[in-house]
Every structure is written in structure tokens, then in C-alpha cells.
Amino acid sequence: MGRYVARRLLQMIPVFIGTTLLIFLMVNVLPGDPVRALWGDKPPDPAQVAQIRHDRGLDLPLWQQYLHYMGGLLQGDFGKTIAGNRPILDEIKQAFPVSMRLAVMAWTFELVIGIALGVLAGVKRSRLVDNTVTLFTLLVISVPIFVFGLFLQLIFGNELGWVTPTVQDSENFQQLLLPALVLGLVGLAYVARLSRTSIAENRQADYMRTAVAKGLPRHRIITRHLLRNSLIPVVTYLGTDIGTLMGGAVITEGIFNVTGVGNLLFDALGNREGAVIVGIVTVLVLVYLLASLVVDLLYAVLDPRIRYA
Amino acid sequence: MRGAKSAKWVAIAGVVALGATACGGGGSDNGNSGKVDPKGIVSYANGEPQNALQPSNTMEAYGSVVIDALFTGLVHYDKQGNITYENAESVTPDKDSKVWTVKLKQGWKFHNGEAVTAKSYVDAWNWAADPANGQQNSSWYRDIVGYDDVHPAKGKAKKKAMSGLKVVDENTFTITLKNGIPYYAYKLVYKPFFPLPSAALKDPKKYGESPVGNGPYKFKSWDHKKSIQVTAWSDYKGEDKPKNGGINFKAYSKDTAAYADLKSDNVDTMPLVPNSEIANFKQDFGDRAIEQDFSAINTINPAFYTKQWKDIDVKVLQGLSMAIDRDTIAKTVFHGTRESATGWVAKGVKGWTKDACGEYCKFDPKKAKAAIKAGGGVPGNKISIQYNADQPHKDWVVAVCNSITKSTGVQCVGDPVTDFAADTEIRDQKKVKSIYRSGWVLDYPFNGNFLADLYGTGVDGNKGGFSDKKFDALTAKADKAKTIEESAKLYQEAEKELQNSFPGIPLWYNKTLSAHSNNVKNVEFDQAGDPILSEVQVFEK
Amino acid sequence: MPDLTKTPATDEAHAVAIADADAKAVDTVEAAGKPRSLWGDAWRDLRRRPLFIVSALLIFVVLLVAAFPGMFTSADPRSGDLTNHFLQKPNFGHVFQPDWFGYDRQGRSIYARVVYGARNSIVVGFGVTILVTVFGGLVGMLAGYFGGFIDSLLSRLTDVFFGIPFLLGAMVVLNAFTERNVWVITGALAFLGWTQIARVMRGAVITTRHADYVMAAKALGAGTKRILFRHILPNAIAPVIVIATIALGTYIVAESTLSFLGLGFGGDALSWGGDISDALADIRNNPHTLFFPAGMLSITVLAFIMMGDAVREALDPKLR
């Protein structure tokens, strides 16, 4: 087990370097000069442009910039923003807790509602419930998330007035409820479909027949035997999804004015703050890598047939 | 001298495509007493300033509005575009408009008690001109003699002070310019010409985070990306003494969020209602809606360096201009919130005249078609209009294109560029394919700013590579005039001349569209689109 | 095979990440034996499924519209009349006429725009799916078949691309292009989207490569190429096809999402996504401008996902 974890951690190093390098290069080929952009519509001052460029290390060759950046990263230094010369770490520190909160709430929706729907549909297969759940999940997946977001905002925020249309305080759980639901909606549908299919398959498994034959009580069969075995793919999905939820909230955060990572990323892209983008992706990749490791370990716990050497 | 100056530009304030919506009932009556509370705090929907709060380093809108509350400069201008004196007792040019003598009002102090003297100005300007201090607005001093020693195009400063700035006595200094500029006093309105206390020059970093000015408001706190708070300063000597107790500049990342807050009285006013609410804001706010003239103009400009427009007959451009149904587009796409332009100068500045563009800015499809034909047609019979897609330009660009195609048969498509940064780069590098959209907000309320600074041969603001000798001669003459009035008149002649060369096609004049909450009254905006915050009165709760 | 122990976990996770084809489908391939009978059975099963018939019909109509938009409307989707048609409401009685779905804020027929917008959305959907299946399938197949160093290398490469959040990656890539036509958008989505197929394919190949018939082919001296394409591919492709069908719909959604972020088609190109994002400014007073393009998009995506669902169930005997 320990050796397995160590090997996985070692494998993360090239992946981590590869991802950051890829994003770093991608950000650097973007058209538009961030230093020039500080002057907006107005003509820039070449001497000041040179000064700022030098100051932020943007006059170095690309490979040096990357090494420089990674070197700083190892010491916990994410660099400074081009506009305003502020530490990027401060911006990330401000945005991540917000996104984390939103992601955890969305994730909880996926977990609770998703599995509940899946179980409902799976256990009572080929009934009206099953068809309704299937149709619902299909609809959720087919409609673009921003259409959902805007409609729910229009209905609950504007027409009914149950919530504020946009989030005023990104640290308020109540206000984050609607955006979290929108963010978790697609995942929720996948979780429901996944658990439904998985349960449906496992219902016919031999061990189920054995359990029924042994005369075990129904709820025990369902919870101990059926669910435990059926939820393995669901767990893996949920595990890797937490990272996706954090980084993929650009749309939801934009619609509901949540000042999280997605918003920060969007603004950084518009202002060509390359170091901010790379910094965020770095953190997201770390989250993703660690989450997938945890999922794999969890997998062994759920499925005794799998042993890591 | 007359490169385009940077006044301020609106920072990329969120993306309009992400337009959320808000609706529901209009403003609720929150039952205020109707009595004014002189200690009440006004909240203003702002954003996070781009840079530290230093006057010479602030050009975008979010920082500008805070700096304006904290600092008071030498002069300002009124609604007619006339100079008014603030910290200056007088600003007088010599007969060539080359040497300007500035006399300060006596007894003014900074918030920290230091006296505001001639030295506070001269030292601040010299400090800001040095590239080592990284002040973005430093090129504003370029008209002053000795600027090039302090701020060479490349490398370090050769001298620490501009020889054109001389302290005469405690309250007097002189500015010597390289060339005479009759309207130079207007430039002194801008932030780089504000004074700084001596301590701020010693520790700029600290004072950038907690600025000390000489203005109506005193700095209180800055919670990054959340709010900046300032309080009314009781020792203020200027005319514009605050009628409220202070201002809370709240940072919003989306204008739609600010709009929702404004409707629920959680913020008192905002700079501009979001594009998605232009159709609704008058209905949402009733008599609390604000619609004011704003000295800015929208144009589409041909890239004269391209093969298509290089040797074009001006009749073609006149024809294209006549093919655009400005009034209908203003009525529909803009929901009546813009006004068709009749010339190249924005309204509300000195020297503005009606109909400078004459018949060529009036919609007439028949004449348009005939003119284009007479001019030999549009090369390729196809044009494209470049715009940045991160701001709400698409709607009107498509409508303009449609109008052109329908009236004249010339193919026209929008050419969106992802965002402003990329758009600017293409324009700077002179890689526009056909025509680009352009807009200009006044630097100073003088018609010359919209003419010489945009269409003079080779000036920085002239992105389309336009060049017309006749026009250049007329503007040069206007710059040699003895008085501002005379100069403005001569510039009017230059504007008329543009009919015969058409450097850009004028489209609309902008307006400031805003509203205020139930908590306040007397909310107004000036012609630069900035709120006049010191006049706002807050009701007792 | 150093990595085999962990394959089920990671691969399943990602197989389901977008399109929920679970690894049980992977197992089935082995159980189902000869390819022909599997596909034959599946086809017989499919023909009896109403879900499949409905989705196939829908897809047929959408493809027809995309191929011959002129057959469905005579109106010009690009020409608007601000004076007469500005934001005119739909006229539901006027079936197939320009004012059927009403007019947008440029005075253009929404019906015509919906009809002409189909092509770009469909081309992106199919284009990305084909690119992703070919490239991702190849990478997955090589990694799964050869194992060892090649597997490690390709798997890490897959991880690198998988680690980048899809939307963020697409935003960065598309920002780099000033001219965003259908090929740029297709390429960008494929550039970031191939990892999922690669992982599924790798998993499927690993379970297939030790099958008796592969061993037999090897013993008979068949070349690597022949083994890969004649023996392994037909048996491992089922889960990939399932995922690809469902993913096709999600790519169409992805295009509209990018349009919403202002990174969709440039110029005057027509697409549902572009019209949806344009309509957002009018959502409060004129929801019809949003409803029709969004509705068409959703129905199309629904059709593809239903089709994928049906195919998956047909291929999986346990679900029949």
C-alpha cells in the first residue's frame, strides 16, 4: 500500500510538470500584450512598458520565465500580477475558499439527490419512476448549463423572489444554494444514471440471489449487498468530479456573480494575466491528482478484490 | 506635442455576454424620512482599481473615481467646458502660450497636515516622470521642457527634474512648454498634475495603499476587491465641500450584480447600467433613472493602410456613411439611449457644432448607392467591421452592416476579436483587414481633442493611418491661436474639412445611463461620465 | 503489466466522467464472444426499441436540415428588418413561414436562423467526435496493447491533458485564434477532449489482449498490425462507440457554452450557440428569442444521447 502510494506520487511529478508547461505555453501564445493593455484605448508609453516588462520578468526568454516561475512555486511564491503588482497568492487565497464552498455544496447535491434518484429508479426498474428519472436526467444533460442557470435565476431570483438573483456575499451558504444546484445539476444527472444502471446490473448478480435465498431482510440486502457493490463506479465518478466542479464553475460563477476561481480565471484571461492563469491551473491540477489518488485508494476499500501492491 | 492623452478608460468590467438578468417590481419605497443626513454615507458601485492609488498611476475608471474624491487639482471645467479654478488661484499663459504661471490658493493642506505648496506639485511631477518610479501616466508631462532628460525613450533618467518646472515662491511655479498650446490649462485637470505630500514620495508603496491627498475626502480603508472607504474631510478648503459624510466604493465584478443591488437599495448608484437592462432601467427606476450627455462618440474607421482604402475616392466613404440608418438603430438596438452623431466631435465640449458632417451623416439609401457608384465602388464590394466581443458591440455592428448591405448591396460582416486586449493589439500593429469600430471619450472638453489627437497625421491616437494635409494645416493654425475661444473656432473649420476626406464614419453620441437608490438624491454625472459624488445627499434612515 | 491493478478504478472513473458508459460494458465485450453476433444481436434488439426509433428519426431530420436548409425556409437568416420586425413575437399559426418563431433584435427570422444554424452545430458535433475517436482510440489502443514504457508514457500524456479543466483549456486555446471558424472550434474541442476515449479504449484493449483468440492469432504468427486491427479493435470498440455517441451531444452543448462565453464562431457564421448567447440580452422581455435556438439545440442533443443510451443497452446483454 505504502509503495503504491509512493509510486503514484512519483508519477504525479511528470504529469504536474507537463500540465503546467502546457498551460504556460498556451497562455503565452495568446494575442494581446497585457502590459500594453494597461493603457486601454490610449497609446502606451514605451519607456514605462519596458520598465514594467522588466519588473515582472516578462523580458526573459520563455524557458527562463517558466523555470523562474516553477522555482518560485516551489517556495510558495506564485508571482505578482502585471496590473497592480500584487501577489497572486493573495488573489488565489481569496478565490479558492469561495469556489471550494460552492463545489462542496454542488457535490453534496450530486451525492444525495443523484444517488437517491438512481436508487429509486434502479430498485424499481421498468416502472413509471424509472422512466421519469431517466427522462429528467436526459433533459438535464441536453440543455446547456447556462440556459438552466439563467432560467432558474429568472424564476427563483426575479419572479418568485425566493433568493437574490445574484450572490451578494460569496461566503453566505444560503445565497450559494441556487448556484450550487445549477453547478451540480449535470453531475447529479450522471450520478443518477450511473447508480441506476449499476444497481440494475447488480440486481441480477449471483450474490443477490444468494442473499435473497438466505432470507435476509430486504433493506439489508439493498444497503449491504446491492448498494455497496453498485456504488463503486459512482464513488469514482464523485471523487474525480470534485476537482472538475472547482475549476469548471466559470459559467455558474459568472451568472451568479460568485467571486471564485472561475471568475478570477475569466478576468485573468481577459487581462492576459498569464501567471494568474498558470497559478490557478497549478492548484487545480494538484487537487485533481490528489483526488484521483484518494479515489483509487477508496476503491480498494469498497472492492476487496482489488489490492494495491 | 499633441499625441493622444490618456484620460481614463473603463476597465474590462466583466463580460457583457455573461449578462445575468434581474427583474421584478420597481424600487420599493423604503420609507425614508425625507430629511437629509449630512453624515450619511453614499455607496457607489465600483470595481477594484487596477493599480495602487497614486494619481500619476491611475487612468482606468475604478481608480479614477477614488482618486478624484481624495485629491483636488489646480483646475477643473464646468458643464460648458470652461476652466474653473480649484487649488489654483490663477493659471496664466504668456502671449505665446508657452510659459504658464500657476498661483496657488493659500492655506491648503494635505490630509496629514502638510501644507500644499508649489513644491508639492513640482516634486510630484518630477518624481512621476522618472520611469524608475513606474507611473503609467508619465507621458502626460511630455509637453514640458526637459521631459526627455527625465524620461528618455529608452534607459534610465539622465536628470531628476524637468528644467521646464520652476518654483518661484511658496505658492507660485511656472511651467515652460516646448511649444505653445493655447488650451494647455485643460490638461492640468488630469490626475498626473495633482500634488503629492513629500512623505508619499519617500514611501510610495505605503502611500499607494493608504493615499494622503488634498481633496474633499480623506482615505479611511481599502479592503482589496471588496471596498474602499473615504470620509468627508472637515478641513477641506475647496468649493466642492461634501454634502455627505463619506463614500463607500463597493467593488463589483459584474455590472449586472451591481444593478440588482441598486434595485434593492443595497448600493446607491452605479456608473452605467448593464447592456441587458438598457431596455428596462427607466421602467425599473422611474424618476430615479438618470440619462445624461456624456462626451464620447462612436465611429467606424477605415484602415487607410489597407489596399482596400489606400486610394479610395472619398465619395465611397460618404456613401457608406449615408447608408447607415442611425436613427432606427438607436431607437431599436439601443432602445433610444443613443443619439445619432452629426459630426466628429462629441457633445458637451467646447467648440462642438451641429451638422459638421452635413448631409453625409443623414440616412439616404438612394444617395448612398449613387455616391458609392460615382466613387468607383468599394474594392471587393465587401467590408468587415472589427470589434471586441467582450463588450456589447455585436448588436450594433450587425445592425450597421445590415443597413449598409440593404441600402447599397455592399457585403458587410462583423469581425469579432475575442477581447479588448487582442483588438488593441491588432489596431496597434496596423493589421485591421477593412474597418474597425472606435470610440473616444474626451480627455479634455475641447473640440481639438477629438480632431487633432485622432486624425492628425502620425499622432498616436490615429490608428487608421489617416493623413490629410489640408486638415493638418488647419489644426496647426488652430494650435497657434491666441485664445482658447479662437482656437476652438479654427478647429471647427478643421472639422468641416473632414467632410472631404472622411477619416471615420460618425455613428452615435453616448449617454450616461444610470439610476440612484431610494436612499439618496442629487445624483449627477459630469460630461466625462464621472459621478459628482460630493453633491450627493443621503436621507436619514 | 505494472498498471493493470489500478486500471479499473481510473478508467471507469473517466469513462463515466462525461458519458457514463460503465466498465461493465467493457467486460461484456469479452463475454459476448464473436463480434458479428454481438452487433447482430444488438441491431435486432435496437430495432425493437422505441427510444432508438424516435432518436434515429430526430437525428435524420436534423441531418436533413443541416444538409439542405434551403428546403425548409425561403427566408434569409442574415437579413434583418429593424423597422418592421424588431423583436416581433412568434406567430405559431404560420408553420414553416419566416414569422413562425418570431424575429430577433436585428429583425431577422428566428425560424430561418434556427434552420440555417443547424449545420455548424452538427459539423462541430460530428467533427469533434470523429477526431477524438480516431486519435484517442489510437493512443488508447497502443497504450493498452503494448503496456510497459509506451503505456506509461501515453498514460501520463493522457493525464496531462485530462488534468486541464475542459472549459478553461478551451477558453485559452480559442483565445489564441482571432479567426474562429468551424475547423478551429472543432480542433480546439478535440485537442482537449480525446483523453476520455483514450482511457476507455486502453481499458477495453487490456481486457481483450489476453483473450484466447488473440493468443491464437499470435501463435499463428499474425503481425501486430493485423492483431490490433482485425482482432482487438472489433472487440474493444463497443464501449468506445457508446461513449462517442453520447459525447457527440455534449460537444454540441460545449460549442454553445463557448459561444455564451464569447468564444464561439466568429464573423457572421450561424450557429445555435451564437444565437442563444445573443438572445440573453433580451431574455427578460423577449424570451422567445432564446427559447427556439435553445430548444432545437436541446432536442438534437437529447436525440444523440438517447441513441447512445439505446446502443449501450443493446450491447450489454445484462441490461436487456
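1. In this predicted model, take Leu265(A) as a starting point. Setting aside neighbours within four places in sequence, Leu265(A) has contacts with Val250(A), Ile277(A) and Ile280(A), and also with Leu168(C) in another chain.

2. Leu265(A) also belongs to the largest nonpolar core, which holds 172 residues. Together with Ile277(A) and Ala170(C), Leu265(A) touches the most other members of that core. Helix 12 of chain C, residues 224–260, gives the core its largest share, 18 residues.

3. A second core lies apart from this one and has 169 residues. Its members include Ala232(B), Ile247(B), Phe294(B) and Leu451(B).

4. Next, the contact between chains A and C. Here 54 residues of chain A meet 44 residues of chain C. Several helices of chain A give two or more residues each to this side, among them helix 1 (2–28), helix 8 (173–203), helix 13 (261–270) and helix 14 (274–302). Sorted by class, the side of chain A that touches chain C has 37 nonpolar residues, 14 polar ones and 3 charged ones.

5. Chain A also meets chain B: 42 residues of chain B are in contact with 40 residues of chain A. On the chain B side, helix 7 (255–263) and helix 13 (420–428) supply at least two residues each. The classes on the side of chain B that touches chain A are 17 nonpolar, 16 polar and 9 charged residues.

Key. Residues numbered from 1 in each chain as written. Chains lettered and ligands numbered in written order. Predicted model: local features only at pLDDT ≥ 70, side-chain atom pairs only at ≥ 80, totals over all residues. Contact = placed C-beta atoms within 7 Å. Helix = DSSP H or I, 4+ residues; strand = E, 2+ residues; numbered from the N terminus. Nonpolar A, V, L, I, M, F, W, Y, C, P; charged D, E, K, R; others polar. Core = buried A, V, L, I, M, F, W, Y, C linked by C-beta atoms within 7 Å. Buried ≥ 20, exposed ≤ 12 C-beta atoms within 10 Å, placed from the backbone.
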